[in-house]
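Reader: I've just opened my first protein model and I'm not sure where to look. Could you walk me through it?

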Amino acid sequence: MNQPTFDYNSTRSKLLLTEYGRNVQNMVKYIVALPTKEERNKYAQVVIDLMGFLNPHLRDVADFKHKLWDHLHIISNFQIDVDSPYPPPSPEAIHLKPQPLKYPHQRIKYKHYGKTIELMILKAKSIEEPERRNHMVQAIANFMKMAYVQWNKDSVADETIFAHLRELSGGELKLDESINLNKVEYRSTHKVETASRGRANNNNQNNNNRGRTNNNNQNNKNNQNRNRPGGGGRKY
């Protein structure tokens, strides 16, 4: 007795572009084997339309038709011979690897302020107009205080911010000690959630108390009606 043969994905050829599925790949394989270019062109256009229908998000991509024809060549493993409206891609261009990104290796004096603060300080040092320079220096100090509080989860004295500003600027940027920076308070998420939960519990408690009060009032009215002459009693 012959054993039945099963068709598993593990025994099939590899899907070159999985987003189009097995059926589209089989169609392209069928087109590649057609004897005449006229037939290949005819069926290739049908497959292109089907590929666009299966992936409507490509319609939002610039030159989406060009991308579909490129995908057709990739699915055919660059073996399909059709009159494409676009030049076919080369296998070398498809498998090119991007150049590795160059990450900055600059040392940051205070990481909780970040590199942006250092760039802002350099910009402020280049400003010659005194009034404009003072406004920018004060804005930088306020931002440094906010960054410090968020990073360290604790309050900070204005004098500390002034000292760090002088240090980062090489002593070129200074603020008058009498200036008060913006008040910044650290509020943890746990505290905010606890306060919100407490308000919700208080509202629920108030609603429950209100419901009990309404029930008591209704019971008192019923008792008064029952105690009136001829009211609420059973008549025989």
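Reader: Which residue lies over the face of Y43?

Author: Before we start, keep in mind that this is a predicted model. A lysine or arginine counts as sitting over a ring if its charged end is within 6 Å of the ring centre. Here the distance from the ring centre of Y43 is 5.9 Å, and the residue is K42.

Reader: And is Y43 itself buried, partly exposed or exposed?

Author: Buried means under 20% relative accessible area, and exposed means over 50%. Y43 has 34%, so Y43 is partly exposed.

Reader: How are the rings of Y30 and Y43 arranged as a pair?

Author: Y30 belongs to helix 1 and Y43 to helix 2, 13 residues apart, so to speak linking distant parts of the chain. Their ring centres are 6.2 Å apart, and the planes meet at 80°. Planes over 60 degrees apart count that way, so this pair is edge-to-face.

Reader: What about the pair Y110 and Y113: buried or exposed?

Author: Their ring centres lie 5.8 Å apart with planes at 70°, so this pair is edge-to-face. As for accessible area, the cut-off to stay under is 20%. Both Y110 and Y113 are buried.

Reader: Which helix gives the largest share of the lining of the largest pocket?

Author: That pocket has a volume of about 230 Å³. Its lining includes R22, Q25, N26 and I75, and by class there are four nonpolar, six polar and two charged residues. The largest share, six residues, comes from helix 1.

Definitions and conventions: Residues numbered from 1 in each chain as written. Predicted model: local features only at pLDDT ≥ 70, side-chain atom pairs only at ≥ 80, totals over all residues. Heavy atoms only, no water. Phe/Tyr/Trp six-rings, centres within 6.5 Å; stacked < 30°, edge-to-face > 60°. Helix = DSSP H or I, 4+ residues; strand = E, 2+ residues; numbered from the N terminus. Buried < 20%, exposed > 50% of the residue type's maximum accessible area, 1.4 Å probe, protein only. Lys NZ or Arg CZ within 6 Å of the ring centre and 35° of its normal. 1 Å grid on protein atoms, 1.4 Å probe; cavity = no way out; pocket = protein on both sides within 12 Å on 5 of 7 lines; lining within 4 Å. Points joined across faces, edges and corners; volume = space filled by probe spheres on them. Nonpolar A, V, L, I, M, F, W, Y, C, P; charged D, E, K, R; others polar.
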